[in-house]
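Work through the exercises below with the sequence and the model open, and try each task before reading its solution.

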Amino acid sequence: MKALIIGAGIGGMSAAVALKQQGIDCDVFEAVKEMKPVGAALSIWQNGVKCMRHLGMGDIMDELGGPMHNLAYQDGFTGDIMTQFSLKPLLDAVAERPCPVSRADLQSQMIDFWGRDKVQFGKRIEKVEQTDTSVTAYFTDGTSATGDMMIAADGTRSVVRAHVLGKELDRRYAGYVNWNGLVDIDTDIAPADQWTTFVGEGKRVSIMPIAGSRFYFFFDVPLPLGLKEDRTTVVADLKGYFKGWAKPVQTLIDAIDPETTNRIEIHDITPFDTLVKGNIALLGDSAHSTTPDIGQGGCSALEDSVVLGQCFSETNDINTAIKSYEEKRRFRVQDLVLKARKRCDVTHGKDMQETQDWYDDLRVEKGENIILGIKNTIQDGPLG
Ligand code: FAD
């Protein structure tokens, strides 16, 4: 049995590993010649870490995961602590730790785990042909490949999705711009073992420790789509948006490297019901494209792969396994996208009164509610 895996992101690489665990041969095709991740880092929550362990890649998490032991929210302007608590109860409840990781390092190590020489780079799929028993991928370089099935992990702008759904889907602008990057750890910005978030005016500034004594940072600002801003103006832009904010925020802006700071207009896609067509399955962002507001896009791609592997452990019939994958994943991924959308709106001031109520709640939060919310999200995953 041969699977064509389209895309060598978190989704594609984890799917290849999951299918290999079931004895299925995989050929991996990646559009770009050199991987350039869109973000500096990401938080792999415990559901994702459990999937990585299940797939034999736990060591990668142990090596790359930063020491995120505590969580705090601070008032953006005064810097006053609104809430601050240990994440240990969450670790105890789900028997795993969260791992904020460098995205480039994660991506690179996942490819190495699979075998870099077994990924065919520079292969951009442009067309799919499908019969009852085979799938053929046609690439923009004029070549093609045929297998018994296809796992399309070709990201939020998926080409294969239109084939599976029979129509193109629009991405929806979520209403805010995210700048992200890495800086050396500096305790004048935030404690080295804490996920720290400054909030105010529907904006936020967040800092997470990753391995290698580095902070992953991101700034979110509600803004119209399509502003003419880029790397050359990033420091001035952020100084403007965060004028009057607390000293640690100004220290962070002074520390960033514009050359390596990403600016992303955040989008998602309204959830849809169809994730598969016969012997083709969508996986990861091609199947469910979410805002990053609950840090679950990559984690849910990892969940998809684990479930896909589980489905093939139950049957050798490709169409049955792929249909079962869809049944097991559909509601979970819809729920995550909508949860993230709701969180996005509250965080970014879609209704400023709701956002103000959330700030007020944070000032009396002892940690239980936030931990319960994260725990519920994690425990609904395939590995509990
Ligand atoms: P991608 O990572 O997009 O990979 C798709 C791959 O397919 C790419 O390598 C691409 O080059 C390739 N490709 C595209 N088109 C073709 C084609 N036509 N032919 C062949 N190959 C193709 N998730 C978390 O879990 N935690 C977080 O904290 C988090 N933070 C985020 C922060 C930001 C700012 C953003 C934007 C996202 C964040 N995410 C987070 C989401 C996460 O990045 C994605 O959900 C995850 O990368 C999806 O993986 P994927 O493999 O499905 O897609």
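## Exercise 1: the ligand shell

The largest share of the shell around the ligand comes from helix 9, which supplies three residues. Helices (H or I, at least four residues) and strands (E, at least two) are DSSP runs, numbered from the N terminus. The model is a predicted one, in which local features need pLDDT of at least 70 and side-chain atom pairs count only at pLDDT 80 or more, while totals for chains, interfaces and linings use all residues. Residues are numbered from 1 along each chain as its sequence is written, and side-chain values use heavy atoms, with hydrogens and water left out.

Task: describe the residues that surround the ligand and the backbone atoms that approach its oxygen atoms.

Solution. Begin with the count: 30 residues surround the ligand, a residue being near if one of its heavy atoms lies within 4 Å, and the closest are Gly11, Glu30, Ser43, Arg103 and Asp285. Next, sort the shell by class, which gives 12 nonpolar, 12 polar and six charged residues, where Ala, Val, Leu, Ile, Met, Phe, Trp, Tyr, Cys and Pro count as nonpolar, Asp, Glu, Lys and Arg as charged, and the others, Gly among them, as polar. Then locate the elements: helix 1 (10–21), strand 3 (41–44), strand 12 (172–184) and helix 9 (297–314) each supply at least two shell residues. Finally, turn to the backbone, where a N or O atom of Gly11 lies 2.8 Å from a ligand oxygen, a polar backbone atom of Ile10 is 3.2 Å from a ligand oxygen, and a backbone N or O atom of Gly297 lies 3.3 Å from one. Of the 1000 Å² of accessible area that the ligand has on its own, the protein covers 86% (Shrake-Rupley method, 1.4 Å probe; for residues, only the protein chains shown count as cover).

## Exercise 2: the open sheet

Task: establish the strand order of the six-stranded open sheet and follow the pairing of strand 1.

Solution. The order is 7-2-1-11-18-17, with mixed pairing, and two strands pair if DSSP finds at least two bridges between them. The edges are strand 7 (119–121) and strand 17 (276–277), each of which pairs on one side only. Strand 1 pairs with strand 2 (residues 25–30) in the parallel sense over five bridges, and Leu4 stands opposite Asp27 in strand 2. The β-α-β crossover from strand 1 through helix 1 to strand 2 is right-handed, meaning that, with the strands pointing away from the viewer, the path from the first strand over the helix to the second runs clockwise. Strand 1 is also joined to strand 11 (residues 149–152) by four bridges in parallel, with Ile151 as the partner of Ile5. Strand 1 (residues 2–6) is largely enclosed by the rest of the structure because four of its five residues are buried (under 20% relative accessible area, with a 1.4 Å probe and protein chains only).

## Exercise 3: a covered strand and a buried histidine

Task: what covers the two faces of strand 3, or is left open there, and where is His288 found?

Solution. In a regular strand the side chains alternate between the two faces of the sheet. In strand 3, Ala41 and Ser43 on one side and Leu42 and Ile44 on the other are all buried, and both faces are thus covered. Four bridges join strand 3 to strand 6 (residues 99–102) in the antiparallel sense, and Ile44 stands opposite Cys99. His288 is found in the loop between strand 18 (280–282) and helix 9, and His288 counts as buried because its relative accessible area is 5%. The side chain of His288 makes a polar contact with that of Asp304 at 2.6 Å (a pair of N or O atoms within 3.5 Å; within protein, one must be able to donate a hydrogen and the other to accept it, and residues adjacent in sequence count only if both atoms are side-chain atoms).

Technical notes: Buried means under 20% relative accessible area, exposed over 50%, partly exposed in between (1.4 Å probe, protein chains only).
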